[in-house]
Amino acid sequence: MKYVIGNDHGGLDLEEVVKDELEKLGHEVYHVGAYDSESVDYSDYAKKACTEVIEGRADFAILICGTGLGMSISANKIQGIRAACVSEAYSARMSRAHNNANTLCMGARVIGSETCRMIVDEFVNTKFEGGRHQRRVDKIMDIEKSNKA
């Protein structure tokens, strides 16, 4: 699988942890920035990474900012993205198994490197269960298409 990583300045420290873990698991990884600690806007990097998923150049995106929240909110504005902001492994697993998330968001100021590795492992190694969950994901996508509640 191909993974794209996007981060702002707040997520810089975990970017390398995520990259190392994905490569250890045998996945292709590339990074769309940010590359240094200069303050940048998380939404720019959420858009860059998620565009890679939508346009088929990556299978999944992993986004990192200070809390993961800004990245998650930004990513979920992009049609076709199902982003989950998680801070522990169980939610990472459920985001894939039940919600077919294609984007994982994490907060570098919320979790440490070991928790990050566990989250990445669960997200990567969990398959979407389909079945009754497909119906629910389809409803989410219908809301997105209609752009109203």
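A residue counts as buried when its relative accessible area is under 20%. Ser95 in this predicted model is a good place to try that out: its relative accessible area is 3%, so Ser95 is buried. Ser95 lies in helix 4. Leaving aside residues up to four places away in sequence, Ser95 touches Ala84, Asn100, Ala101 and Phe123.

Let us stay with helix 4 for a moment and look at Arg93. The side chain of Arg93 meets that of Glu122 in a salt bridge, with 3.0 Å from N to O. Arg93 belongs to helix 4 (residues 89-97) and Glu122 to helix 5 (residues 113-125), so this pair ties together parts that are 29 residues apart in sequence. Unlike the buried Ser95, Arg93 is partly exposed, with a relative accessible area of 33%. Glu122 is partly exposed too, at 25%.

Helix 5 has another salt bridge to show you. Here Glu114 pairs with Arg117, and their closest N and O atoms are 2.8 Å apart. Both residues lie in helix 5, separated by 3 residues, or about one turn of the helix. An α-helix has 3.6 residues a turn, so residues three or four places apart point the same way. Glu114 is exposed, with a relative accessible area of 53%, while Arg117 is partly exposed, at 27%. The story does not stop with this pair, as salt bridges that share partners join Glu21, Lys24, Glu114 and Arg117 into one network.

The structure holds 7 salt bridges, and one of them links Arg57 with Glu52. The closest N and O atoms of Arg57 and Glu52 are 3.0 Å apart. Arg57 is partly exposed, with a relative accessible area of 38%, whereas Glu52 is buried, at 14%.

Now for the interior. The largest nonpolar core has 22 residues, and the members that touch the most others are Val18, Leu22, Ile62, Leu104, Met106, Cys116 and Val120. At least two residues of this core come from each of strand 1 (2-7), helix 1 (12-24), strand 3 (60-65), strand 5 (103-107) and helix 5. Which of these elements gives the most to the core? Helix 5 does, with 5 residues. There is also a second, separate core of 18 residues, whose members include Val4, Ala58, Leu63 and Ile81.

Helix 1 offers a closer view of how such packing is arranged. This helix has 13 residues and reaches 19 Å from its first C-alpha to its last, close to the 18 Å expected at 1.5 Å a residue. Its buried residues are Leu14, Glu15, Val17, Val18, Glu21 and Leu22. Glu21 is therefore a buried residue that also takes part in the salt-bridge network with Lys24, Glu114 and Arg117. What do the buried residues of helix 1 pack against? Their partners are strand 1, strand 2 (28-31), strand 3, strand 5 and helix 5.

Leu22 makes a fine last stop along this helix. Not counting residues up to four places away in sequence, Leu22 touches Tyr3, Ile5, His27, Val29, Ile62, Val120 and Val124. Two of these, Ile62 and Val120, are listed with Leu22 among the core residues that touch the most other members. Just after helix 1 comes Gly26, which takes a positive phi of about 90°.

Key
Residues numbered from 1 in each chain as written. Predicted model: local features only at pLDDT ≥ 70, side-chain atom pairs only at ≥ 80, totals over all residues. Heavy atoms only, no water. Salt bridge = Lys/Arg side-chain N within 4 Å of Asp/Glu carboxyl O. Buried < 20%, exposed > 50% of the residue type's maximum accessible area, 1.4 Å probe, protein only. Helix = DSSP H or I, 4+ residues; strand = E, 2+ residues; numbered from the N terminus. Core = buried A, V, L, I, M, F, W, Y, C linked by side-chain atoms within 4.5 Å. Contact = heavy atoms within 4.5 Å. Expected span 1.5 Å × (residues − 1).
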